[in-house]
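Biologist: Could we go through this model together? I should like to begin with one helix and work outwards.

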Amino acid sequence: MCGVIGMVAGSPVNQALYDGLTVLQHRGQDAAGIMTFEAGRLYLRKDNGLVRDVFRQEHMEQLQGNIGIGHVRYPTAGCSTSAEAQPFYVNSPYGISLAHNGNLTNAEQLKREMFLEDLRHINTDSDSEILLNVFAHELARSGKLTVTTDDIFDAVAAVHRRCRGGYAAVAMLNGYGVLAFRDPHGIRPICVGERPDGNGGMDYAVASESVALDTLGFRLIRELAPGEAVFLSIDGGFSARQCAETTECSPCLFEYVYLARPDSIIDDISVYKARLRMGEKLAEKILRDWPDHDIDVVIPVPDTSRTSALELAHALGVKYREGFIKNRYIGRTFIMPGQTQRRKSVRQKLNPIGLEFKGKNVLLVDDSIVRGTTCEQIIQMARDEGARKVYFASAAPPVRYPNVYGIDMPAANELIAHDRSDEQVCQKIGADRLIYQDLDDLVDAVRHKSSEIRRFDASCFNGEYVTGDVDGNYLDQLQEQRSDDAKARRRRLGMNDLVEQMNRA
C-alpha cells in the first residue's frame with residue numbers, strides 16, 4: 001500500500017507535493033520521496049521515514065520546478081530500505097521517473113524478460129522499478145528523438161498487455177509532463193483534479209485519493225477509469241485515453257474498509273458513507289442473530305472504525321463511548337515486522353479509559369481482524385479495566401487470504417482467520433462473542449444503490465483474485481517473501497552484510 005501524487009502547475013510544485021504527501025501519509029509511513037524537473041535538470045529527495053522527517057528546508061529549496069511527482073510507501077514485495085524509496089528513475093529514453101501503488105503479480109517473469117529480451121537491469125527487489133522499465137522500454141520502441149502524446153499512450157497500452165496485477169502509477173517525462181495510469185481492473189485508486197493557476201490557465205494534479213486534491217484546492221474531475229491514462233503536459237495541456245483492450249472496474253474492497261481516509265471519494269463512492277452503512281449492516285446482523293443482546297456500550301477501536309461504530313450504536317439504541325485514547329505516532333500494526341514489535345506497539349498505541357469499561361458489557365468495534373494480535377490485546381485491556389463481558393465486532397468479514405495487489409497483508413498462515421472457524425477465532429482472541437460482517441452485506445454497504453460497480457476485489461475475504469493469474473504456487477512464493485520468518489531472515493542477512501563491510505573497512 002502506497003500513496004502517489006503528481007502535478008503540473010504554473011508555479012513551483014515542491015510545497016504542494018509535500019503537503020499532498022502529508023495528507024496521503026496514512027497510505028505509507030516507511031519512506032517518502034519527491035522528484036521535480038526544471039530547465040533540463042532533475043531534483044530528487046527520498047529516504048526512509050515520515051514526510052515531515054524526510055524533507056527539511058534545504059531539501060525543499062532544492063526541489064525546483066513547476067512539475068513533479070511524489071510517493072509515500074509501505075514495503076510490500078520489496079524490503080524496507082532507502083534504496084527502494086521512490087520515485088525511481090531511468091535515463092533512457094528521454095529521462096523517466098515513476099512512483100507506483102500496487103503490486104505486479106507477474107513481476108518475476110517480467111524481470112527475466114527485462115534481462116533476456118529487453119537488455120535492462122533491475123537493481124532492486126521492487127516491482128515498481130520493473131514497471132518503470134517496462135514502460136521505458138515500450139516508449140523507446142517509437143525510435144523518435146521526440147515523442148507525442150499518442151506515443152506515450154501507446155506505451156501505456158503495451159504496459160497493460162505485459163503487466164498483470166494491481167497498479168496505479170504516476171510518471172514524469174523530462175521536458176514533456178506527468179503521466180498517470182491505472183490497471184485494467186482498477187484495483188488501486190487514482191484520481192485527477194484541476195484548479196485555476198491565476199494566469200488564465202489550469203494547474204492539474206493526480207493523486208491516490210481525492211482528499212489530497214481537496215486540501216490543495218483542486219476540484220476533483222474524476223477517478224481514472226480502469227485501463228485509462230491521463231497526460232498532463234508541461235505547457236498546461238490535459239489529455240486522456242483508454243489504453244486497455246478489455247477492462248472491468250473491480251476496486252479493492254479493503255480500501256473502503258480500512259486503507260482510505262473517510263473524507264475521500266473513490267470511484268464515485270464516499271468512503272465515509274460506505275463506513276456508515278457498514279455499521280448499519282452490522283447492527284442488522286446483531287438484531288437478526290442476537291435479538292436479546294445485553295450490550296451496554298459500543299466502543300470503537302480508533303480510528304478507522306469510529307464511523308461504523310457510531311452508526312452501529314445508533315441503530316442498536318445503545319450508548320456510544322470513546323474508550324481508548326490513541327497515540328498517533330505509532331504505525332499500523334498489522335504491517336509491522338515481527339510479532340514482538342507488533343505486540344509492544346499495540347500497548348503503546350492505545351490507552352483505555354477505565355470508567356467506560358468497569359462493570360459493563362462492552363461491544364468493541366474494529367474495521368477488520370487481520371493477524372488478531374491487536375484485538376486480542378485490546379480485549380484483555382478491556383477486561384483489565386473491569387469489563388463484565390467483552391464482545392467484538394468486525395466491520396469486515398474474516399480475512400482468510402493474502403492480498404496480492406499491493407497491501408502487505410501477511411502470509412496466509414499468519415492470518416488469524418485462515419483455516420479457523422469464527423468460533424475458533426473468538427476463542428483465540430479471548431472474546432465472549434465475535435460478530436463478523438457478512439461479505440454480501442459489506443459489498444452492499446460499499447456499492448449502495450447509486451454505484452455502477454458490479455464486482456469488487458474481495459480476494460482477502462473470499463480468495464477470488466480478479467486478475468485470474470493467482471494460484472497456489474504464487475501464494476506459496478508470496479509466503480516465502482512476506483512471512484515474519486522471511487522478513488527476519490532478510491534483516492539478519494542485511495546486518496551480516498553490514499558487519500562484513502565494517503570488518504573489511
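**Helix α10 and its surroundings**

Modeller: In the helix α10, the residues T307, S308, A309, E311, L312, A313 and L316 are buried. Please keep in mind that this is a predicted model.

Biologist: What do the buried residues of α10 pack against?

Modeller: They pack against α9, β16 (297-300), β17 (319-320) and β20.

Biologist: And which residue follows α10?

Modeller: G317 follows α10, and its phi is positive, near 70°.

Biologist: Back to the helix pair. At what angle do the axes of α9 and α10 cross?

Modeller: The two axes cross at roughly 40° and come within 7 Å. That angle makes α9 oblique to α10. The crossing of α9 and α10 is right-handed.

Biologist: Which residues make that contact?

Modeller: From α9, the contact involves Y272, R275, L276, M278, G279, E280, L282, A283, I286 and L287. From α10, T307, S308, E311, L312, A315 and L316 take part.

Biologist: Let us turn to the interior. How many residues does the largest nonpolar core have?

Modeller: The largest nonpolar core has 56 residues. Those with the most contacts inside this core are F254, M278, V298, L312, L363, V446 and F461. Elements that each supply at least two of its residues include α8 (253-259), α9 (271-289), α10 (306-316), β20 (361-366) and β21 (389-394). Further along the chain, α14 (439-447), α15 (459-462) and α16 (472-482) also each supply at least two.

Biologist: Take F461. What is F461 in contact with, leaving aside its neighbours within four places in sequence?

Modeller: F461 is then in contact with L253, F254, A396, P397, P398, V399, Y401, L439 and L442. Apart from the core that holds F461, there lies another core of 34 residues, among them V90, I122, I152 and F231.

Biologist: I152 interests me. Which helix contact does I152 help to make?

Modeller: I152 belongs to the contact between α5 and α6. Helix α5 (residues 127-140) and helix α6 (residues 149-162) pack at an angle of about 130°, with their axes 8 Å apart. They are therefore oblique to each other, and α5 passes α6 in a right-handed crossing. On the α5 side the contact is made by L131, V134, F135, H137, E138 and L139. On the α6 side I152 is joined by D151, A155, V156, A158, V159 and R162.

Biologist: A change of topic: how many disulfides does the structure hold?

Modeller: The structure holds 0 disulfides. For C191, the nearest cysteine sulfur is that of C249, 14 Å away. For C426, the nearest is that of C375, 10.0 Å away.

Biologist: Are C191 and C426 buried or exposed?

Modeller: C191 counts as buried because its relative accessibility is 0%. C426 also counts as buried, at 11% relative accessibility.

Biologist: Next, G70. Where does G70 lie?

Modeller: G70 lies in strand β4 (residues 67-73). G70 is buried, with a relative accessible area of 0%. Leaving aside its neighbours within four places in sequence, G70 is in contact with G3, V4, I5, L21, G33, I34 and A99.

Biologist: Finally, N473 in α16: is N473 buried or exposed?

Modeller: N473 is exposed, with a relative accessible area of 55%. The C-alpha atoms of N473 and A158 are separated by 27 Å, and the two residues are 315 residues apart along the chain.

Definitions and conventions:
Residues numbered from 1 in each chain as written. Predicted model: local features only at pLDDT ≥ 70, side-chain atom pairs only at ≥ 80, totals over all residues. Heavy atoms only, no water. Core = buried A, V, L, I, M, F, W, Y, C linked by side-chain atoms within 4.5 Å. Buried < 20%, exposed > 50% of the residue type's maximum accessible area, 1.4 Å probe, protein only. Helix = DSSP H or I, 4+ residues; strand = E, 2+ residues; numbered from the N terminus. Contact = heavy atoms within 4.5 Å. Disulfide = S-S within 2.5 Å. Axes fitted to C-alpha atoms, helices over the stretch in contact; angles between N-to-C directions. Parallel < 35°, antiparallel > 145°, perpendicular 65-115°, else oblique. Left-handed = near helix turned anticlockwise from the far one by under 90°.
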